[in-house]
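Q: I would like a close look at one single part of this structure. Please describe that part in detail and then set it against the rest of the model.

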Amino acid sequence: MRNLVPSIRALRVWQRNVTTYRHVWLSNVLGHLADPLFYLAVLGFGLGALMPPIGELPYMTFLVTGIIAGAAMSSACFETSWASHMRMSQRTFDAMLATPLSVADIAAGEILTAATKGVVSAAATLIIALVLRLLSPGWWILPVLGTVLLQGLFFGGVALAVSAHARTMEALNHFYALFIMPVLFVSGVFFPLQELPAALQVVSTLSPLTHAVHLIRPLATGAVPPSWLLELLWIALAAVLGVWLGCASLSRKMAR
Amino acid sequence: MPSEVILARGLVKRYGDLEAVAGIDFRVEQGECFGFLGVNGAGKTTTLRMVQCVLAPTAGQLRVLGRDVASQARQIKARLGVVPQADNLDPDLTVRENLRVYSRYFGIRRRQAYERIAELLRFVQLDERAHEPVANLSGGMQRRLVLARAMINSPQLMLLDEPTTGLDPQARHMVWGRLRSLRAAGVTMLLTTHYMEEAAQLCDRVAVIDAGQILMLGRPEELVREHVGERCIELRPTQAGREGLAERLADLDAHCEQAGDTVFIYPRGQLDWGAIAAIPHERLLERSASLEDLFLQLTGRELRR
């Protein structure tokens, strides 16, 4: 009953979410496209005109390679905070518990959905970048999406834990203000980390998003990421931690 | 293989200081319909949720389908059908998708699921609504869909938490009819209800539960005969009739209970009808004693705080 290790049945929960996604795919796809477009338009065309190239990258390219990971993080977080909370309050999880699914299966399925949404978001950003000729197509897209999937497990897990502890939907707004936005700003998505004050550099080093950006930016611009194995390891560890956190929090919540 | 489907010994569920289930013993036999009767908060749902393997017992033994709920929850849940108190259909899915998605949770293969779903939708008479979103269904239809969903895995044990609460009489009778045909097919059922008629219509045996304890357990008609008698007279006195009512009732060879503005009289021997009719009243009627009388006597007529 208190088993925290998910089984392969988590895929059934993921499949359920995909089934519902089919009913609302159009608004979802538009949402996934709108988010990165908004950042690119405002920061890229607005602020970007004033920015010098960063290293060897034009600011637009620097920005879009950050947004691939940043937008993916936001949509992963959105999925297991707001959307999971919604499913919790409409008793979808209660119904699932009356089947061979365990709480850990449900949590893992939700987190997997979050990571998938992250990948969809990243893919949408990639398409925009390719259409705008900011990046050129290649095999690098696969490891980039893999990185996004892995970081999505961490952020999806953390957001699920928050959602399980939040009593009301309003409480989730704090999660946006106190977690998603700060992480987005200290992880090297919009500007290089050297510009950050020392204290924030520490936070930045901890953030898995930082490491995802460290992998994605070189990959997308034709370079091998420096110390890629360490970066990858960090994200993978964070992913395990996130899944565990999500499973444990949802278990606590559903046992009442 | 023992014949009992559920075996509970000294079952306890505690939340902090609150003892929701205070050490109960019961067993449910193969093919039986067993009912828990009790007011809201008596511990019925808590007990049911422990049998369902979603709440861990604080103490005691609980075996379902020959397995232990703590260590073999998944195997037990694979053979259960659950109709919860509040409908928890998936509002993001259509009628048919609700069943298909659920069948996947049980690992039922596509082809087999298609046949089963078609059969179940006919059984609950929703085959013509298959492609509508569940929000379009009436309360009664949603309940029937929940019932169909609970049967997707051809369960050996059905758990029904107030299966017809909130339904109109027509919808209720339709659900009862379906449950009786399940029982006839040999499916074991455990249900909770606070509708005495429901218990009388469906249950082979009932347990009256109050404050987390079983007060009484047995066949409904035997319990009524033994503890209440055959007949009940309901008397609603006028204002004038209330004067000296207690003394007049004390003279009768009967057990009397008062609830709100009505007196319930359960005769022990020959009843002095003249004496009763002489009490000025708005309403006077005689009927067979029912489970409701037993229940009210046991759990007190006054509304709980």
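A: A strand is here a DSSP run of E with at least two residues, and strands are numbered from the N terminus. The model is predicted, and the part chosen for a close look is Arg236(B), a residue of strand β11 of chain B, which covers residues 231-237.

The surroundings of Arg236(B) come first. A residue counts as partly exposed when the number of other C-beta atoms within 10 Å of its own falls between the limits of 12 or fewer for exposed and 20 or more for buried. Arg236(B) has 14 C-beta neighbours inside 10 Å and is therefore partly exposed. Leaving aside residues up to four places away in sequence, Arg236(B) touches Asp261(B), Thr262(B), His281(B), Glu282(B) and Arg283(B). By contrast, Leu120(B) lies 116 residues from Arg236(B) in sequence, and their C-alpha atoms are 47 Å apart in space.

The strand that holds Arg236(B) belongs to a sheet. This open sheet of chain B has four strands, in the order β12-β13-β11-β14, with antiparallel pairing. Its edges are β12 (254-259) and β14 (281-288) of chain B, each of which pairs on one side only. On average, and with direction ignored, neighbouring strands of this sheet are turned by 20° against each other. One of the pairings joins β12(B) to strand β13 of chain B, residues 262-267, through six bridges in the antiparallel sense. In this pairing, Ala254(B) stands opposite Pro267(B) of β13(B).

Chain B also contains another open sheet, again of four strands with antiparallel pairing, in the order β2-β1-β4-β5. Here the edge strands are β2 (18-29) and β5 (67-68) of chain B, each pairing on one side only. Strand β4 of chain B, residues 59-64, pairs with β5(B) over two bridges in the antiparallel sense, and Arg63(B) has Asp68(B) in β5(B) as its bridge partner.

For chain B as a whole, there are 11 helices and 14 strands. The C-alpha atoms of chain B fill a box of roughly 70 × 45 × 35 Å along the principal axes, and 40% of the 305 residues in the chain are buried. Among contacts in chain B between residues at least 6 apart in sequence, 71% join residues at least 24 apart.

Chain B meets chain A in a contact that takes 19 residues from chain A and 23 residues from chain B. On the side of chain A that touches chain B, α1 (10-21) and α4 (92-97) of chain A each supply at least two residues. This side of chain A comprises seven nonpolar, eight polar and four charged residues.

Within chain A, the axes of helix α5 (residues 103-131) and helix α10 (residues 228-254) come within 9 Å and cross at roughly 130°. That angle is why α5(A) counts as oblique to α10(A). The crossing of α5(A) and α10(A) is right-handed. Residues of α5(A) in this contact include Val103(A), Ile106(A) and Ile111(A), while those of α10(A) include Val243(A), Gly246(A) and Met254(A). By class, the contact of α5(A) with α10(A) has 10 nonpolar, two polar and no charged residues.

Methods
Residues numbered from 1 in each chain as written. Chains lettered and ligands numbered in written order. Predicted model: local features only at pLDDT ≥ 70, side-chain atom pairs only at ≥ 80, totals over all residues. Pairing = 2+ DSSP bridges. Axes fitted to C-alpha atoms, helices over the stretch in contact; angles between N-to-C directions. Contact = placed C-beta atoms within 7 Å. Nonpolar A, V, L, I, M, F, W, Y, C, P; charged D, E, K, R; others polar. Parallel < 35°, antiparallel > 145°, perpendicular 65-115°, else oblique. Left-handed = near helix turned anticlockwise from the far one by under 90°.
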